[in-house]
Amino acid sequence: MVQMLRCLTVGLLFGAARCPAAAVDFDGDGKTDPAVYYPASGTWVARLSKSGAQTSCVLGGPDFLPAPGDYDGDRKADLVAYSASRALWLARLSGGQSGQLAFGRPGDWPVPADYDGDGRTDPAVYNPRTGVWTAQSLSGGWTQSVAWGYLGDFRPWERPQTYTVLPMPFDYNQDGRDDPGYYYRGTAMTNSGWHILYSGSGAVRHYTWGSSGSLPAPGNYQMAVLDAPRGICVYKVTTAEWFTPYRHGFQAGLYGRTLPVPGGDYDGNGYEDHAYYDYTTGDWTVVFNNGGTEVEGRPIQHGRLGGAGAVPANLYSTLYALARYSVKPW
C-alpha cells in the first residue's frame, strides 16, 4: 500500500478545482466523456469530447467494476477499477502511472470522492451492513471513518431483493467538497428521501424526495433549488421519469432497457445533464441542461458506445449494480 501511495503522490499537481464524485473527463476539457466498461474483459472504451476520438484500454476484469475519478489532481479522470469481494483497487492514472491499493474490507462498496476539497479524488469505501464510510486522502495522508447509513430493509415481495439504502456521494452544497449522502428507497413518497452529512461543517440535512420505485440520480441540475440541497433528483425506473425539486418532471428512457448515468456535464456549462444508457443496444442519450426549470425544447444527443455486457464507466452505475439494481429490478 505504501508503494501505491508514493506512486500516486510523487510529482503530481495540487489543484484546487472542484472534483465531482463521478467525474469522467479523460481529456481535461471540462466536459464529461461517455465511457463504458466490459467486466468480462476489463476493457474501457471512451469517446473523448475534445477530439471525438474513441479510445480503449484494459484495466480490471471479472469481479471488478469502474470507480473513476481525478485521483492525482490534474483535472483529468483516471482509470480505476474496484473489486468489492477483495477490497482491491487497480489504478492507471492519466499521467501513465499504474498501481494497486488494498483499502477497505471484502464486501465494501466504493464511494471515492473529493471529501477534503484538495482537487483530488479520495479512495473511500462504504460498508452496506453497518453504514460506515471510510476515506483516505492520498495527498494529506489521513484516514477517517463516519457512520452515515444503515443496512435498510429487504422486501420479500421484490425479486431480486435490492438494497433500499444506497450511498450517494456528491457535493450537495457546492462548496468544493463532496459529501457523504445516502438515499433510502422507502415504501412510499412520504418516507423516501435523502440524508446528507456536509463534509465542511458536519451539518446534517434530511430531505424527503423519491418513491418506492425510484433510484437516486444526483446532479447539479438547476440554478435555484430553494430549500432543497443541490443534487437531489430521482429516476422512476418503471416509467423512466426524472423528478427534481422545483422543476418539471419529464420522461426520458425506457423501462427494461435503460438506467440513468448521473453526475455528468457533457457540454461543460457547469450543470449536470440528464443522461441514460441502453444496456440492450449500447445507445447513450444526453438531455442537455442549462440550469433552468423548463424541460421542453432542450437539445438531446444520441450516440452508440458499448454493447452486450458493457456497463457505464460511472461510479453511480457501479453502486446501482452492487445494490442489485438492473434495468428491470421489479
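## Confidence and strand pairing in a predicted model

In this predicted model, residues 1–17 have pLDDT that stays under 50, and for this stretch the model has 33 contacts beyond four places in sequence. Where pLDDT is low, the predicted coordinates should not be read in detail. For the protein, the mean pLDDT is 92, and 94% of its residues reach 70 or more.

Two antiparallel strand pairs are set out below, each with one bridged residue pair.

| Strands | Residues | Bridges | One bridged pair |
|---|---|---|---|
| Strand 2 and strand 3 | residues 43–47 and residues 54–58 | five bridges | Ala 46 with Thr 55 |
| Strand 13 and strand 14 | residues 181–184 and residues 193–197 | four bridges | Gly 181 with Ile 196 |

Strand 2 and strand 3 belong to a hairpin that has six residues between the strands, and in this hairpin Gly 52 takes a positive phi near 80 degrees. Within the antiparallel pairing of these two strands, Ala 46 finds its bridge partner, Thr 55, in strand 3.

Strand 13 and strand 14 are part of an open sheet of four strands, arranged in the order 12-13-14-15 with antiparallel pairing. The edges of this sheet are formed by strand 12 (165–167) and strand 15 (204–208), each of which pairs on one side only. Averaged over the sheet, and with direction ignored, neighbouring strands are turned by 15 degrees against each other. Four bridges connect strand 13 to strand 14, and Gly 181 has Ile 196 of strand 14 as its bridge partner. As a general point on such elements, the side chains in a regular strand alternate between the two faces of the sheet.

Notes. Residues numbered from 1 in each chain as written. Heavy atoms only, no water. pLDDT = per-residue confidence, 0-100. Contact = heavy atoms within 4.5 Å. Pairing = 2+ DSSP bridges. Axes fitted to C-alpha atoms, helices over the stretch in contact; angles between N-to-C directions.
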